[in-house]
Amino acid sequence: MLRRLGQVLVALVALSLIAGSWAWWRARASLPRLAGELALAGLERPVTVTRDRLGIPVIAAASQADALRAQGFVHAQDRFFQMDLARRSTAGELAALFGPRALEVDERHRRRQRRAAARALLADLDGAARRLVAVYAEGVNAGLAGLGAAPPEYLLLGAEPEPWLPEDTLLATLGFFDMLSFNHRFEKPLGVMAATLPAGLFNFLTPATSRWDSPLLDAAEGGYVPAAIPGPEVVDLRGAAPVDPERDVVRPLGMSLGSNNWAVAAARGFRRRAILANDPHLGLRVPHVWHRVQLELPGRRIVGVGAPGLPGVVIGSNGDVAWGATNSFADQTDLVVVEVDPADPGRYLTAEGAEPFETRQETLVVKGGGDVTLPVRWTRWGPVTDEDWRGRPLVVRSPVHDPGGLSFDLLRMMEASSLDEAVEILAGWRGPSQNWLVAAADGRIGWVVNGPIPVRRGFDGNSPRSWAAPGIGWSGERPGPRWVDPEAGLLYTANGRTVPHAAEPLTHVWMHSGRTYRIRERLLAGERWDEGRLRAIQLDVRSRYHDAFAQLVGELVDAGEPDPVVRRFREAVAGWDGTAGVDQAGFVAVARFAEALVDGVLAPLLAPAAAVDEDFLYEWALADEPVRRLLEERPEHLVPPPHADWPAFLRAVLERVAAELAAQPGGLDRTWGEARPVAIRHPLDGLPLLGGRLDMPATPLPGWAGTVRAQTADYGASMRMVVSPGREERGLLHMPAGQSGHFLSPHYADQHAAWARGLPTPLLAGEPVATLELVPPAR
């Protein structure tokens, strides 16, 4: 029996070794092909793809079409699984890979009907753009077929990859639209607030301006308008019941969303050159959202970053112009309340009378389970995706369901030769609305906001409303603002207000302007800028947002405080150097105190909205503005219950925060880096054996969401670029993780350390270490 047991164990070990060796071989076989010669169908002329020591490809081609075909090949070889997740997530098709656990997400996303939109948008593209999308897709499928095995994620999931379709590139674009253009998200809670709060309180809690505003256009006319504090005849908290401390009601998004860009004209640039700096802030993950690329075309070099799934260079420089983007938050979407016909639930009301819902049956494929049929109701405004707190159906009115709602004009930036041409191209690009900054080789700079931006008729778009009455809806589009050749020689955006308050509204939801304020402050302090000094601004972690809260701690607690925990809290804040540095214990204290004050002040005022909607969440970007106003004025009727006065409330918040921090590991000596390390994870990190090894190492990094170097645990600078067009050899670029999405590749994480440390790594690819020749098939 022992001999037989031993034989069985030996056999099991042998089988395990064989299986492990086979899995290892298959994983190695799926690494990209970097050298040699390979026939690529559809090429007009040979294309050379070299890679430097970081795996950055330089694609040398005789035509744009050949370059984009080769780029598709490279994207698939480096990142196909990431591309597959992007299209499946947007379309609501993840359950086919992940099984029933992804079904809830699929149901939510499938209701958006993005694949139907992608097909319609693809058919509506002009012939040239449609051809380039098709060429890119053919390159992707050739790259996938050119791997020795499917990417290793498919082995782990027990699945096989499916070919890339041209419409999938539209799906990837729509994924960016959903990520960047979502003003309708704010409308739902605003609708609850408008229905449950007095108008004076609603206006106070949704200020349009803040003390940090630094608009580009007509700054003198776009000044700060302090929010009017509502009087006791509007709202009076005296005698009100305390709010439930376990109910999370306040979660401002203004500090956790955004990007930075700025440009200096020749008058302020080193050697009289215009220079552009850009660091888009996005969710951080592995594989990374960007893929570095350098395209060498006859008489033209284009360098920067692209997105796997999309052809071309999204942000970069072509020698004549450099371009970069931040989200403009222009209001491109609306929530439409659908009024169901009281006489027939199969119909809904419009200005022209009742119309029948169109019901489309969607089939959700579920790996390891039965397929699920999902009925989706369509209206003239789009598909029904949700319902409001009263149970009424909602439609997200979006330009992506309109003919020509998206375009690929951004590809034309590869050939733009002047500032004026670049601004016109970017203004005409149809996609998620961005603040585009352009720097030109002749020293000029410009800013433009792209559309489509709808013209609203009969409503302001601030909250959900019915479009059933005559005269309500969209009536065409309007151009975004632009500014070329500013007299000061400076342009800067960071998602905050860019136009004056009195101007025609671009949006009703500006992000917080704290970063914009600091960028402007730094730029005005210098006379002459080069790439290195502009990179230093990108790494700035000064947090002026917290200055007033730190001062308040000093006013509340004196040096002779008898409570040792409160005294230590005061000492920590007093020792704070004003930055979100990794070594700052004082920043942990003041940041948590500020957060608790915002929550404690606003939650009682929002109680009526929270009472009627269990999902209510106040996400107003400028939430700190009404809090600062109340702390400045301290009206008796708005003291948060159950406290007798403002000093009692403030002291109670401070004591609670101090006690909570003291009870955590490290207590009040725990530094910012220890309290909030950055963890960048792979979507499969929950799998056994390999899961944790797919993630980037948890790293303490400086910055928080409100500093120029914006950083949270999983959000921050998706890349940092500084470049003067025509002097790309002096340009800088770094990004997290690496070029490859393959965990066995040496380029899976070899750029991560430079990004984390903020090192000035070159924009241009280095010396080639591998060369792959792509050639047309022999005839």
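These are my notes on salt bridges and one histidine in this structure.

**Entry 1: the model.** I am working with a predicted model. I looked up the salt bridges before anything else, and the count comes to 52. Side chains of opposite charge can pair when their charged atoms come close.

**Entry 2: Arg 518 and Glu 521.** I looked at Arg 518 and found its side chain in a salt bridge with that of Glu 521, with N to O at 2.5 Å. How far apart are Arg 518 and Glu 521 in helix H12? They are three residues apart in this helix, which spans residues 514–524, so about one helical turn separates them. I then checked accessibility. Arg 518 has a relative accessibility of 15%, so I put it down as buried, the limit being under 20%. Glu 521 has a relative accessible area of 26%, so I noted it as partly exposed.

**Entry 3: Arg 518 again, with Asp 540.** Arg 518 also forms a salt bridge with Asp 540, and the closest N and O atoms are 2.9 Å apart. This pair links distant parts of the chain, with the two positions 22 residues apart in numbering. Arg 518 sits in helix H12, while Asp 540 is in the loop between helix H13 (531–538) and helix H14 (547–556). Are Asp 540 and Arg 518 buried or exposed? I found both of them buried.

**Entry 4: Arg 629 and Glu 632.** I moved on to helix H18, residues 624–633, which holds both Arg 629 and Glu 632. The two are three residues apart, about one turn of the helix. Their side chains meet in a salt bridge, N to O, at 3.5 Å. Arg 629 has 12% relative accessibility and therefore counts as buried. Glu 632 comes out at 46% relative accessible area, so I wrote it down as partly exposed.

**Entry 5: a network.** I also found salt bridges that join into a network. Its members are Asp 84, Arg 87, Arg 88, Glu 93, Arg 115, Arg 119, Glu 162, Glu 167 and Asp 168.

**Entry 6: His 184.** I turned to His 184, which is found in helix H9, residues 184–196. Its relative accessible area is 18%, so His 184 is buried. Which side chain makes a polar contact with the side chain of His 184? I found that of Thr 333, at 2.9 Å. I then listed the contacts of His 184, leaving aside neighbours within four places in sequence. The list reads Thr 333, Asp 334, Leu 335 and Val 396. Thr 333 therefore appears in my notes both as a polar contact of His 184 and in its contact list.

Definitions and conventions. Residues numbered from 1 in each chain as written. Predicted model: local features only at pLDDT ≥ 70, side-chain atom pairs only at ≥ 80, totals over all residues. Heavy atoms only, no water. Salt bridge = Lys/Arg side-chain N within 4 Å of Asp/Glu carboxyl O. Helix = DSSP H or I, 4+ residues; strand = E, 2+ residues; numbered from the N terminus. Buried < 20%, exposed > 50% of the residue type's maximum accessible area, 1.4 Å probe, protein only. Polar contact = N/O pair within 3.5 Å; in protein donor to acceptor, adjacent residues only side chain to side chain. Contact = heavy atoms within 4.5 Å.
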